[in-house]
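Work through these exercises with the model open beside you. Try each task before reading its solution.

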Amino acid sequence: MITLEELRRIAALAKLSLSDEEIEHFRAEFERIVEYVSALDRIRALDELEPLDSVVSHTNAFADDVPHQSLPTAEALANAPRHNESFFKVPKVIASEWTPDQNNGQ
Amino acid sequence: MQSVHTGDYEAVIGLEVHAQLLTATKAFCRCSTQYGAAPNTNVCPVCLGHPGALPVLNRQVVEFTLRMGLATGCTIRPRSRFARKNYFYPDLPKGYQISQYEDPICYGGFVEIELEDGTTKRIGITRIHMEEDAGKSIHDHDVDTLIDLNRCGVPLIEIVSEPDIRSPGEAVLYLQAIRQLLMYLGICDGNMEEGSLRCDANVSVRRRGSDRFGTKTEVKNLNSFRNVERALAYEIERQIAVLAQGGTIEQETRMWDASSGSTRPMRSKEFAHDYRYFPEPDLVPVEVSAEWIERVRAELPELPLARKRRLQEQYGIPAYDAGILIAERSLADYFERACGALREPSPERYKLISNWIMTEVLRILGERKIDIGSFPIEPERLAELVELQAQRTISSRIAKELFAELLSSPARPSELVAERGMVQVSDAGYLEQLVERALSENPDTIEKYRAGKVAVLGFLVGQVMKYSQGKANPELVRTLLLERLGHSDALAR
Amino acid sequence: MVTETYERFRQRVHNRETTCAEELERALMSIEENGHLGAFLTVTADAARKSAEESDTRFQRGTPRLLEGMILAIKDNISTRGIPTTCGSRMLERFVPVFDATVVERLRHHGAIVIGKTNLDEFAMGSSNETSYFGIVRNPHNPDYVPGGSSGGSAVAVAARMAHAALGSDTGGSIRQPAAFCGIVGFKPSYGRVSRYGLVAFASSLDQIGPMARSVRDVALLAHAISGHDPADSTSSEQPPIDLHIAPLAERPRLGIVGEEILSGCSTEVRSCYEEVCRLAQQAGYRLVLIQFDSMDAWIPTYYILATAEASSNLARYDGVRYGFRADNDGNDMMTATRTAGFGTEVKRRIMLGTYVLSAGYYDAYYRKAQKARRWIVENYRRIFSTCDAVLLPTTPTPAFRIGEKTSNPLAMYLNDILTVSANLAGIPALSLPAGRSGNGLPIGVQLQAPFNADEVLLRIAYDIEQCLLARATV
């Protein structure tokens, strides 16, 4: 049983704003989907298997530490909804919106 | 050092240090990492998080991380991989940071710190992992927040210590040791002001003798040694005060505010941590072979503490001197090159070199804000200066003058000495004339000396030095003066 | 309409029966006539005309390149420098990429003519092409029916002969299912054989770009041109480019065929079409081996957990800061407003589901379990491929369904992918081949799957079976 509270938390994590109606709608679908995917719980064969991240078997795909041409600033900014000649612009982020792991060197 | 009165309580501290690696390019794209470039010039589709762009790991990031791992005695995981740490922030373009989570490349090491009482203490290293930096948000230049993504994707290592630190002082020593190691290894410039080295702390307090940990807080924004010490002292005292009043510590993240000298909680509700880590599907695992590890190990430089001990032993210099000299690898290199350039090496001369470095050289470096690499007097020339001084060819006063001249002249010290006639005068006949002049110009001194005021001797030596423009050999002058005073004494008798 | 296959077109150019410029005008005409199908989001007529001129020059000089003059449509989730790449989303309505995907670079290098960008389900999330912000795509065989998805625009462009071939992307069947619904050949190569650099990510560990065309040989030619190692994609395979001509085929290849556990879920028409292909293969000398998919129950749950989890992270970059849509919002949270208005319902549903399965407390129950199931599926395939060289199964349980028929029931829509997702989970190559028609004239496809990196074997067998089917048609 997924609570509305839980779905609101998930929506906030995903930065989506859902109306109560949408949340309610999602919940009904979610329950069916979650019920369906929990079919995996009934598969005993999975218990002793290791998780698989990827089907590729190679490792160590590296690049050499040699600089390449970066984008011209104008091109880097061209697609931005708001920018000036050197920066992307967003509505002021208030200091309290600092996320814990920014580690911004000031 | 700031002392904290912890009374019945004991602090338990662990540090998380983020160090920017000195690679030429970013961790996952080939944009330059150059600091201070014009905003949004070191960016490309990968670090801008453009749709469809993919990361490719910079080999040097692994190489550098291995250096730190091996220097701290960590175990290197033969196969490690990256994970995505998901959170939103305007200067985090992909909406996730590529980091390592479940299996960091290095784990289980330690760093040794030397406490003030001369004993050493081991601080455990839980893990060292690779990750990428975020960009920068500038909040106060415009009505909007400005975003510069040059720093975005610059490689970092995060070094997580065990909760083995027991005081703010120890935390500073640990951070200094880490910084020194990073700089010795040539993998980080250690510049805390520019944010190349950043530090967060996990702090709790507990009753002395207890083996359980108290509830910890995470203190952020500790961006200088002084702030580490002040913030930890504040936070420890705060926690003790809360507990002493019967309160409980809330597990939370607190920001250090240097201007108010206090920590304050970040509104915890907004930061419900749920980073939804999962394996990064765009990168393949990093596999480190035994050969790779051995090669990196073989190429490691001598580490600071080992070098300190060797400098003391090999050159007979005091622990204090050795400690200062090894603060930076290049400074110790300078010292050793100077020692190696001596034609007649001796412990006395080693100590003279050390003295010059600790006083004049460091003073000039500080004044000019340069590092030893761009110091104008090469170690070979400093060695020659020391030899002239040790052979008494020049007085220490002349040596200082010479040092000042060498700063702006490429000449060899012996050339300058010859050219400027700086050679110390040890010609007894000439000096005797000067001694006579000093005595005749200060006739009362003889009286005073005879009356037991021995201090006038120094005055007379000084006078002779002045007449000679500093070139007189002060010891010879002294001998001559003593003889003359004794002589006149005998005459009077 | 363009010539039926690129191979045939090339012969005609050689015989001086036509030119690239003429062929291009036929393609553009066809696009115009078929506007109601909604296949294209952008048509790059001017640039294409220039390319066609160059191609004609090269043909005249006798120096044509591998794909000289091939008229090619590209799914609009593949990055094209200077040409809008929208992913069928309001979020990227005005987004103009600054770089070409590796596959696009390679195709241009080989002389292909890019005619435009094709419609798709928003961010490739869908099986019917009904979720694009820019409108639905219709099946050329009957415009009341869906073309399949998410590469529906590409499938329609090829099926209605607006282009010789197209690129699609396949995360859970998004090339093969629309190919089946539209009656063309669609090929998802082994994971890693084709660079993903420039493919807008949906689920990175499953996504794969692949060709769609009207013959196996055209598909194989395109696959050859776009495959091969790419240092810009860390997951790119070190294998050489896919080459149809080097398939090491056994004298009497063993073809795995499926039984009731799969066929009982298929419509009678799909079933009889499938059984007919089995018979033809046997007549052609293939040994049929009945195989068993033990892991079948895990396919869809595993797929939806892994794909939505990765998608929730891959779509986090659409935040209104650096590119794309931004909601006008004077309140605090511009990002939330942007994402809420910029994404459609299906995308939001999957982001929600993916965020949920990764969130604290659920990771082990869903994501980790799905990773285990993924290993199980891979091992299941390994066992199966120890008894046969390739597997033959239907591409979809039914032919194309009516527009609107499944939009209100996401789970039913998801189950439409039942026969295609396992190839993505196992990373193996898979191809859909047109094999017949339903009573109301809608195409039916059959699917071939081969072991990981046995793309050449797969194409070779597909070519064989295609020839059998053509021979049957002419009898």
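Angles over 145 degrees between N-to-C directions count as roughly antiparallel, and angles under 35 degrees as roughly parallel. Keep that cut-off ready for the first exercise. Note also that this is a predicted model.

**Exercise 1. Two helices of chain C**

Task: Work out how helix 2 of chain C and helix 3 of chain C are oriented to each other.

Solution:
- Step 1. Locate the pair: helix 2 of chain C covers residues 20-33, and helix 3 of chain C covers residues 45-61.
- Step 2. Take the geometry. The two helices pack at an angle of about 155 degrees, and their axes are 8 Å apart.
- Step 3. Apply the cut-off. Over 145 degrees counts as roughly antiparallel. Helix 2 and helix 3 of chain C are therefore roughly antiparallel to each other.
- Step 4. Find the residues that meet. Helix 2 of chain C brings Cys20(C), Ala21(C), Leu24(C) and Leu28(C). Among their counterparts in helix 3 of chain C are Ala45(C), Ala48(C), Arg49(C) and Ala52(C).
- Step 5. Sort this contact by class: 7 nonpolar, 1 polar and 3 charged residues.

**Exercise 2. The sheet of chain C**

Task: Give the strand order of the open sheet in chain C, and say which strands are its edges.

Solution:
- Step 1. Read the order. The 11 strands run 1-3-2-4-6-5-10-11-9-7-8, with mixed pairing.
- Step 2. Look for strands that pair on one side only. These are strand 1 (40-43) and strand 8 (287-290) of chain C, the edge strands.
- Step 3. Add the twist. Ignoring direction, neighbouring strands of this sheet are turned by 30 degrees against each other on average.
- Step 4. Zoom in on one pair. Strand 5 (residues 185-188) and strand 6 (residues 208-213) of chain C run antiparallel and are joined by 2 bridges. Gly186(C) stands opposite Met212(C) of strand 6 of chain C.
- Step 5. Place the helices. Helix 3 of chain C lies across strand 1 and strand 3 (113-118) of chain C, at about 155 degrees to strand 3. Helix 7 (residues 216-226) of chain C lies across strand 4 (165-170), strand 5 and strand 6 of chain C. Helix 7 runs at about 145 degrees to strand 6 of chain C.

**Exercise 3. One residue in strand 6**

Task: Decide whether Gln208(C) counts as buried or exposed.

Solution:
- Step 1. Find the residue: Gln208(C) lies in strand 6 of chain C.
- Step 2. Recall the cut-off. A residue is buried if 20 or more other C-beta atoms lie within 10 Å of its own.
- Step 3. Use the count. Gln208(C) has 26 C-beta neighbours inside 10 Å, so Gln208(C) counts as buried.
- Step 4. List contacts beyond four places in sequence. They include Ser169(C), Asp170(C), Lys188(C) and Tyr191(C).
- Step 5. Check a pair that is distant in sequence. Gln208(C) and Gly168(C) are 40 residues apart in the chain, yet their C-alpha atoms are 8.6 Å apart.

**Exercise 4. Chain C and chain B as wholes**

Task: Say how the radius of gyration of chain C and that of chain B stand to the globule rule.

Solution:
- Step 1. Start with chain C, which has 16 helices and 11 strands. Its radius of gyration is 21 Å, close to the 23 Å of the rule for 475 residues, so chain C is as compact as a globular protein of that length.
- Step 2. Add its box and burial. The C-alpha atoms of chain C fill roughly 65 × 55 × 45 Å. Buried residues are 67% of chain C.
- Step 3. Turn to chain B, with 15 helices and 17 strands. Its radius of gyration is 30 Å, well over the 23 Å of the rule for 493 residues, so chain B is more spread out than a compact globule.
- Step 4. Add its span and burial. The C-alpha trace of chain B covers about 100 × 55 × 55 Å. In chain B, 48% of residues are buried.

**Exercise 5. Where the chains touch**

Task: Describe what chain A and chain C each contribute to their contacts with chain B.

Solution:
- Step 1. Count for chain A and chain B: 39 residues from chain A and 52 from chain B.
- Step 2. Sort the chain A side: 17 nonpolar, 15 polar and 7 charged.
- Step 3. Look for strand pairing. Strand 1 of chain A and strand 2 (residues 57-58) of chain B run parallel, joined by 2 bridges. Phe62(A) has Leu57(B) as its bridge partner.
- Step 4. Count for chain B and chain C: 26 residues of chain B are in contact with 34 residues of chain C. The chain B side holds 16 nonpolar, 5 polar and 5 charged residues.

Note on methods
Residues numbered from 1 in each chain as written. Chains lettered and ligands numbered in written order. Predicted model: local features only at pLDDT ≥ 70, side-chain atom pairs only at ≥ 80, totals over all residues. Helix = DSSP H or I, 4+ residues; strand = E, 2+ residues; numbered from the N terminus. Rg over C-alpha atoms; globule rule 2.2 N^0.38 Å. Buried ≥ 20, exposed ≤ 12 C-beta atoms within 10 Å, placed from the backbone. Contact = placed C-beta atoms within 7 Å. Nonpolar A, V, L, I, M, F, W, Y, C, P; charged D, E, K, R; others polar. Pairing = 2+ DSSP bridges. Axes fitted to C-alpha atoms, helices over the stretch in contact; angles between N-to-C directions. Parallel < 35°, antiparallel > 145°, perpendicular 65-115°, else oblique.
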